[in-house]
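Got the model open in your viewer? Switch to a cartoon view, keep the side chains handy, and follow along from one stop to the next.

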Amino acid sequence: VQQEFLASAAHELKTPLALLQAQIELEDSPNKADLLRDTALMARIVHQLLHLAEASEGHNYGFAQAELAPVLLEALEYLQRAAQRREVRLEHAIQAPPRRLQMDAGAVFVLAKNLVENAINHAPPGSVVLLSCDDSGFRVCDQGSGVAAGDQPHLFKRFWRGNCDGDGAGLGLAICQQICHMHGWTIRHEPPAAGNGACFVVDLGPPGKALAAHGPDPDPGRG
């Protein structure tokens with residue numbers, strides 16, 4: 001019931017927000033830029049609420065055998081322009097052959113996109129965001145200021161934004177965690193092996209792990 005309400009509320013807010021933004025664009029207001037920024041943030045929150053609601057429902061997933069690497073590379077390509085705007089370089093290190101998985105490729109694209117976008121938002125200009133992948137899973141690492149010890153327990157909480165200076169709604173990592181849960185995977189934060197920054201690691205579990213067509217049973221303790 002809660003998830004249905006969340007999806008319905010977000011869906012109903014999409015149209016009036018779009019109309020409001022269009023009206024502001026037509027008016028000559030002295031605080032037009034501030035109003036447009038606020039409505040853009042609200043629209044982003046609504047968009048991510050819909051993503052979260054969709055990611056929380058098993059019937060929204062279509063599991064099939066697929067390769068992970070092409071999905072990860074597609075997410076990197078999608079975010080190239082966002083990285084360029086922040087003067088951040090995207091790199092990848094994919095060790096062949098990553099195994100074929102029973103997964104929802106669209107949901108995994110969102111998972112990778114959110115992790116890379118989060119890294120871009122925390123990366124200083126001139127730095128690198130690295131996506132690496134091997135048979136055990138994949139990780140996204142940035143060269144930012146890292147995550148303070150006191151902040152680490154809150155990373156996957158909904159609407160928690162930490163020290164991000166971007167326009168995020170604080171739902172990206174919560175969506176990542178939900179997608180991982182529905183695939184039977186785990187996600188965690190860990191400091192990089194060397195230097196500053198943060199790494200988010202997606203662990204696929206042992207090779208040969210079976211997954212039912214509808215995904216794992218939802219966790220009754222979440223959501």
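Start by selecting α3 and α5: their axes come within 9 Å of each other and cross at roughly 45°. An axis here is a line fitted to C-alpha atoms, for helices over the stretch in contact, and angles run from 0 to 180 degrees between N-to-C directions. That crossing makes α3 oblique to α5; under 35 degrees would count as roughly parallel, over 145 as roughly antiparallel, 65 to 115 as roughly perpendicular, and the rest is oblique. α3 passes α5 in a right-handed crossing (the near helix is turned clockwise from the far one by less than a right angle; anticlockwise would be left-handed). Now show side chains: on the α3 side the contact involves Leu68, Val71, Leu72, Glu74, Ala75, Leu76 and Tyr78, and on the α5 side Ala105, Val108, Phe109, Ala112, Lys113 and Val116. Contact means heavy atoms within 4.5 Å.

A word on what you're looking at: this is a predicted model, in which local features need pLDDT of at least 70 and side-chain atom pairs count only at pLDDT 80 or more, while totals for chains, interfaces and linings use all residues. Residues are numbered from 1 along each chain as its sequence is written, and side-chain values use heavy atoms, with hydrogens and water left out.

**Aromatic pairs**

How many aromatic pairs does a search of the whole structure find? It turns up 2. Rings of Phe, Tyr and Trp (its six-membered ring) pair if their centres lie within 6.5 Å; planes under 30 degrees apart are stacked, over 60 edge-to-face, and the rest tilted.

Select Tyr61 and Phe63 for one of them: the ring centres are 5.8 Å apart and the planes sit at 15°, so this pair is stacked. Tyr61 is buried at 9% relative accessible area, and Phe63 is buried too, at 12%. The cut-offs are under 20% relative accessible area for buried, over 50% for exposed, and partly exposed in between (1.4 Å probe, protein chains only).

Then go back to the helix crossing and pick Tyr78 and Phe109, an edge-to-face pair with 5.7 Å centre to centre and 80° between the planes. This pair links distant parts of the chain, with Tyr78 in α3 (residues 68–78) and Phe109 in α5 (residues 105–122), 31 residues apart. Is each partner buried or exposed? Tyr78 counts as exposed at 57% relative accessibility, whereas Phe109 is buried at 17%.

**The other side of the story for α5**

Keep α5 selected and add α6. Their axes come within 9 Å and cross at roughly 145°, and α5 passes α6 in a left-handed crossing. From α5 the contact takes in Ala107, Val108, Val110, Leu111, Asn114, Leu115 and Asn118; from α6, Gly172, Leu173, Ile175, Cys176, Ile179, Cys180 and His183.

Zoom in on Asn118, which lies in α5. Asn118 is buried, with a relative accessible area of 18%. Leaving aside residues up to four places away in sequence, Asn118 touches Leu173 and Phe200.

**Three single-residue stops**

Next, select Glu87, in the loop between α4 (80–85) and β2 (89–94). Check the backbone here: phi of Glu87 is near 60°, a positive value in a residue other than glycine. Most residues other than glycine have a negative phi. Glu87 is exposed, at 55% relative accessible area.

Move on to Ala148, in the loop between β5 (137–141) and α6 (172–183). Ala148 is partly exposed at 43%. Draw a distance to Ala198: the two are 50 residues apart in sequence and 10.0 Å apart in space, C-alpha to C-alpha.

Last of the three is Leu20, in α1 (residues 2–26), partly exposed at 41% relative accessible area. From its C-alpha to that of Leu35, 15 residues away along the chain, you should read 9.7 Å.

**Zoom out**

Now show the whole chain, with 6 helices and 7 strands. These are DSSP runs numbered from the N terminus: helices are H or I with at least four residues, strands E with at least two. Trace the elements from the N terminus and you get α-α-β-α-α-β-β-α-β-β-α-β-β. Of the 223 residues, 41% count as buried. Among contacts with a separation of 6 or more, 71% join residues 24 or more positions apart. Finish with the surface: the accessible area (Shrake-Rupley, 1.4 Å probe, with only the protein chains shown counting as cover for residues) is about 12100 Å², of which 54% belongs to carbon and sulfur atoms.
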